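This briefing is meant for someone meeting the structure for the first time. It takes up a few local topics in turn, with the points grouped under short headings.

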Amino acid sequence: MSSCQTTCPYCGVGCGVTAEVKDNKVIAISGDASHPANAGKLCVKGSTLAQTLGPEGRLRTPVHKGARIDWDEALQLVATRIADVRAKYGPEAIAFYLSGQLLTEDYYVANKLMKGFLGSANVDTNSRLCMSSAVAGYQRAFGADYVPCTYADLETCDLLVLVGSNAAWTHPVLYQRIAESRRANPHKRIVVIDPRRTASCDIADLHLQIAPGSDGFLFAGLLHYLDQNKLLDAAYVEAHTEGLEEALAIAASHTPARVATRTGLAPEQLAQFYQLFGATEKTVTFYSQGINQSSTGTDKCNAIINCHLVTGRLGTPGMGPFSITGQPNAMGGREVGGLANQLAAHMDFRAEHVELVEQFWQAPAMARAPGLKAVDMFQAAAEGKIRFLWIMATNPAVSLPDSAMVRRALSRCDFVVVSDCVSDTDTAACADLLLPAQGWSEKDGTVTNSERCISRQRKLVDPLAEAKPDWWIVTEVARRLGFGRAFDYQHPGQIFTEHARLSGHGNDGSRDFDISALGDLDTQAYDQMLPGYWPRPKTPLTDAPIADGHFFTPSGRARFIAAQPAMPDQDASAQLKLNTGRLRDQWHSMTRTGRVAKLMRHRDFFSISLNGRDAHERQLCEGDLVEVCNELGRIRGLVRLEGDLPPGQVFSPIHWSGQFSGSGCVSDLMAATTDPVSGQPQSKFARVSAKPAPTSCWGLLLTREPPDLPALGYWSRVVVAGGYLTLFAGEIFTPPRELYKTLLQSVQRDGLRCSSYQDETQDDFREVALDGGEVRHALFLHRNRGRLPATDWMAGLLTADRPAGSVALLAGLDAGVADKGRLICTCLEIGERQIEQAIVAGACDVDALGQQLGCGTECGSCVPELRRLLLATGKKKVA
């Protein structure tokens, strides 16, 4: 058995991981205690990585229009189609769409091929969807995409303002670092600004439940407050900034009374926040998708940065405006020019930068202007302007807004290539050619996390079947296009060192990104490279960026940005505002987390959250089927009543795709509205209506393999130990008996011992099939969902040691299968019922629950819910 240090492939925290490998298989995962990001901690997603590495659902060979082909044929086909489109329609008819899941080396060669050798800048990334407004905000203020904070600042600050970030669920390891620092510093204060009361509010001293989209007004008002109360750092502003007068002129109209009206906050809450910010020097504002994913996201980022500039609160430990990224290598993509408006090494399309990159690459066809950003790229494809589209390591048919438009784009484009490690995604279904890429544990390279720390992601096991590294695939295509000399890479370390040398090329300190000190690493040094922060120039800097008042604007001063705040479309014809976000145990479109049974048990079937009053007005109860729709489309989900969701708002998670639900893709409802500066889509706001979706019956289907389903009013599927559990509802016009027969036809096979029960008067139909002593499938259907067996009970049937007899199983009974309730502590698989029983028996706080059950003692993500259960169950005991 061997041990290897690598990096987690999930969020932008970039946690170090120690993997134990035996017989070419990852058998155990733990946190790397030596890594600066996590110091040995992992969230439940990271700790279950080994369970995601099975061969099920993997793309094994190149596939062209449904037929397997060999690599040589596939690569030649890609090169031929690129060459043909370029010759016939020009380079602007070609586009690459990349991903923050790629390694820096993959990103680098794709950008080099397109921007330097094909002559187009039509290279963009799904990182456009999560952090491009933050990039634009930093560039406007600092003259460069420089994140001025580290994770240590979250711990050493005295005031932490969380804006549009539910870090407890989206960045759990950082949240635990914050929570620990809160306990260690009794003077530390935490403010959460979010339209929803999220798990992150568990450690907040103040929760500002603002109206959706009103953040810009809040921070414009804060700038006005700081000015009016003479809380500006006049010396810092005079020495290091420009543009304050214009910014203050706009802020002047944002009086506390006006801000209170626009945000929906009580004047007392507003005053409390403003006074706290004004009085606390060591302040960090930590922001994420709630700020970025907006039609005015860049302006909101700059409104935050303005408040730090005017008080001089940046460049010093414990203070600064800190944008946290959502993907493991969104930062690495930014470094190599993964966005269509960038060149490599944080350069842009100004003439001198184009010349530098062209010279370094010896590029024969250098792009000289920005290309199409993500949404524009797919709109161009839908209009027939993009003829060749290569998508790598992402699922835009689910993640981009207006998914109907995206599907039209994929259908109309002459040739679509998808490189991915999985075969069955909504996007792969639209591809002409599928290329099997290596996944985490197989590929080798680097990633950069949200605090500018570059870490190695290492190969742990041999790749499955014919899977290849993304950099190799792109390089082989480049060679077939005649660019072999410029793409003569044999190892990812050669790509990284070229990238590092480019960062120092012509860089006299005028550009922020410089890792030229790493440009001479040999293969052994690259393989052994430890995590490290940039900048790392060959010649040490005389002035530290930001910290010494050194900015990258033409004047060398930071810029205040004067922007008038704006709210999303206020059309009153639709009654509800839809918000979106992530769930605690899930990731993106679940192609990885959806493979792990216990990660599906915290929130199992696709559901949509409503406030109780809104649900009551629409005659909806917990667990009913609701249809949420607008002019773009519709989704259907189970009603989840959420008391902390304000009236008039609806919340939907972003993770569900066509592999996990029949109508759960929330992008169906999102218009392709983008920020005019960054091009980032407004993915957290849509106007919708909601109504009950009538059904003829409800059912649960347990199978060993994913079943083929007929047309249904709703279905949602989760992986369980040994198979799959599908909850479904029949359309109102489908007779339950007919649906029962149709479903049985899809799962029955010879040699099974089947037992059934049917009561047509109650629309009650049941069948359990045994193969030897094991359950092969089970189907329960009833007009009333409440009469179905417990989902946890059914989920355990496929792995029960001694399943009950068929009569007991048909009755929904089996003493050998424990019903723990919904998982609260996923790490140790502790269910809601177990926790409630412990509370009733006397456990009075989180520590007592941890001692008795173990919950809350691992990654800590469940602690906010433990506290809620303590409160709720305590009230029940009193009652």
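Strand 22, which covers residues 607-610, runs parallel to strand 24, residues 634-641, and four bridges join the two. The model is a predicted one, and the points below therefore describe computed features of that prediction.

**The barrel and its strands**

- Strands 22 and 24 both belong to a closed barrel of six strands, whose order is 21-25-22-24-23-26 and whose pairing is mixed.
- Averaged over this sheet, and with direction ignored, neighbouring strands are turned by 45 degrees against each other.
- Within the parallel pair, S607 has L638 of strand 24 as its bridge partner.
- Strand 24 also pairs with strand 23, residues 625-629, and here the sense is antiparallel and the number of bridges is five.
- In this antiparallel pair, V628 stands opposite I635 of strand 24, and the two strands are joined by a hairpin that passes through four residues.
- As a general point, the strands of a sheet pair through backbone hydrogen bonds, and the pairing can be either parallel or antiparallel.

**The surroundings of R128**

- R128 is found in the loop that lies between strand 7, residues 123-125, and helix 4, residues 132-142.
- Is R128 buried or exposed? Its relative accessibility is 2%, and because buried means under 20%, R128 counts as buried.
- The side chain of R128 makes a polar contact of 2.8 Å with the side chain of D124, and another polar contact, also given as 2.8 Å, joins the side chains of R128 and N341.
- When neighbours within four places in sequence are left aside, the residues in contact with R128 are L339, A340, N341, K373, A374, S678, G679, Q680 and P681.

**Helix 8 and the residue after it**

- Helix 8 spans residues 215-228, which makes 14 residues, and the distance from its first C-alpha to its last is 20 Å, close to the 20 Å expected at 1.5 Å a residue.
- This helix is mostly covered, since twelve of its 14 residues are buried.
- The buried residues of helix 8 include D215, G216, F217 and L218 towards the start of the list, and also H224, Y225 and L226.
- Just after helix 8 comes K230, which takes a positive phi of about 55 degrees.

Definitions and conventions
Residues numbered from 1 in each chain as written. Predicted model: local features only at pLDDT ≥ 70, side-chain atom pairs only at ≥ 80, totals over all residues. Heavy atoms only, no water. Pairing = 2+ DSSP bridges. Axes fitted to C-alpha atoms, helices over the stretch in contact; angles between N-to-C directions. Buried < 20%, exposed > 50% of the residue type's maximum accessible area, 1.4 Å probe, protein only. Polar contact = N/O pair within 3.5 Å; in protein donor to acceptor, adjacent residues only side chain to side chain. Contact = heavy atoms within 4.5 Å. Expected span 1.5 Å × (residues − 1).
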